[in-house]
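Subject: Handing over a structure

Hi there,

Here is the structure I promised to pass on to you. Please have a look at it first, and then read my notes underneath.

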Amino acid sequence: MKNVKRMIVIVLAVSLIAFGFVYWFKLAPAGPLPGDKGAIKEINGLLNKTGTNEKVQVEVILDKVQADDRHAFIPFETDDGGRGFSLWVWKDHQWKASSATTVGYPVIWKARPGDPSSYRMVWSLDPAEKVDRLAFYLIQKRSFQNEAYQPRIQMEKAIPFAEHPYGAIKVPEEWRTIIRGEVAEFEVPRVEFGWRSLDSSGEDVFIEGKDQSSYLRYQDHQDLMIPLEKNELE
């Protein structure tokens with residue numbers, strides 16, 4: 001009887017330790033995002049892991065935007081005046097930068113892959129660019145599958161650039177409806193994402209940027225947004 005009680009105590013103790021371990025690392029609420037100095041150190045450390053000889057460093061944190069309680073977007077300025085952004089995730093009870101780029105062109109960030117409600121368009125560009133607005137696109141090309149014709153779908157979301165040289169905005173609800181449909185029916189994504197930078201006359205503006213190097217560590221799920229021109233749209 002004494003041995004049985006001892007075993008019960010041991011089992012309970014092990015169960016409590018296991019529960020505490022799971023709660024601490026997987027279930028506990030996320031803590032506050034790191035301060036600017038901590039964020040800069042983390043991002044520079046990530047960029048240096050690429051092994052590049054170029055020494056562009058993050059100098060200023062521009063903002064800290066939480067996409068949800070465990071994902072965050074942090075845009076920054078580099079010491080050569082360039083712009084970029086980093087994506088963060090709360091994992092193992094700490095905030096970690098999972099990717100960073102010094103080329104802040106727009107991408108689709110899938111914070112929770114398979115859940116379009118978590119998808120965001122993220123970018124960080126030089127506010128000195130002669131741009132009036134950014135236009136983002138979801139495009140589904142025409143196709144004919146299983147004797148059924150699928151018409152082209154083209155959706156646009158425009159953002160005033162002066163107010164939003166950087167951002168992390170959710171993809172529009174009507175886009176999510178299209179994305180959910182393709183996820184459920186097809187293994188290969190059919191939709192494409194694109195963007196244009198426009199002047200006040202609606203003409204395309206080429207954004208050259210400070211440098212053309214990209215420092216990425218793709219631990220996040222991201223879809224490239226393709227630079228488009230007027231003649232590629234309908």
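Below is what was found, starting with the whole chain and ending with some salt bridges.

First, a word on how to read it. This is a predicted model, so local features need pLDDT of at least 70 and side-chain atom pairs count only at pLDDT 80 or more, while totals for chains, interfaces and linings use all residues. Residues are numbered from 1 along each chain as its sequence is written, and side-chain values use heavy atoms, with hydrogens and water left out.

The chain as a whole

The protein chain holds 14 strands and 3 helices; these are DSSP runs numbered from the N terminus, with at least four residues of H or I for a helix and at least two of E for a strand. Of its 234 residues, 40% count as buried. Here buried means under 20% relative accessible area, exposed means over 50%, and partly exposed lies in between (1.4 Å probe, protein chains only).

About 13,600 Å² of the protein chain is exposed, with 55% of that supplied by carbon and sulfur atoms. Accessible areas come from the Shrake-Rupley method with a 1.4 Å probe, and for residues only the protein chains shown count as cover. As for contacts (heavy atoms within 4.5 Å), 61% of those between residues at least 6 apart in sequence join residues at least 24 apart.

The salt bridges

A salt bridge here is a side-chain nitrogen of Lys or Arg within 4 Å of a carboxyl oxygen of Asp or Glu. The count by this rule is 13.

Helix H3 (residues 173-185) is a nice place to start: Arg176 and Glu173 sit 3 residues apart in it, about one helical turn. Their side chains form a salt bridge with an N to O distance of 2.9 Å. Arg176 is buried, at 14% relative accessible area, whereas Glu173 is partly exposed at 39%. Glu173 also meets the side chain of Arg180 in a salt bridge, at 3.2 Å from N to O. Arg180 is partly exposed, with a relative accessible area of 36%. Elsewhere, Asp68, Arg112 and Asp115 are joined into one network by salt bridges that share partners.

Finally, Arg133 pairs with Asp132 in a salt bridge whose closest N and O atoms are 3.3 Å apart. Arg133 is partly exposed at 27% relative accessibility, and Asp132 is partly exposed at 36%.

Best wishes
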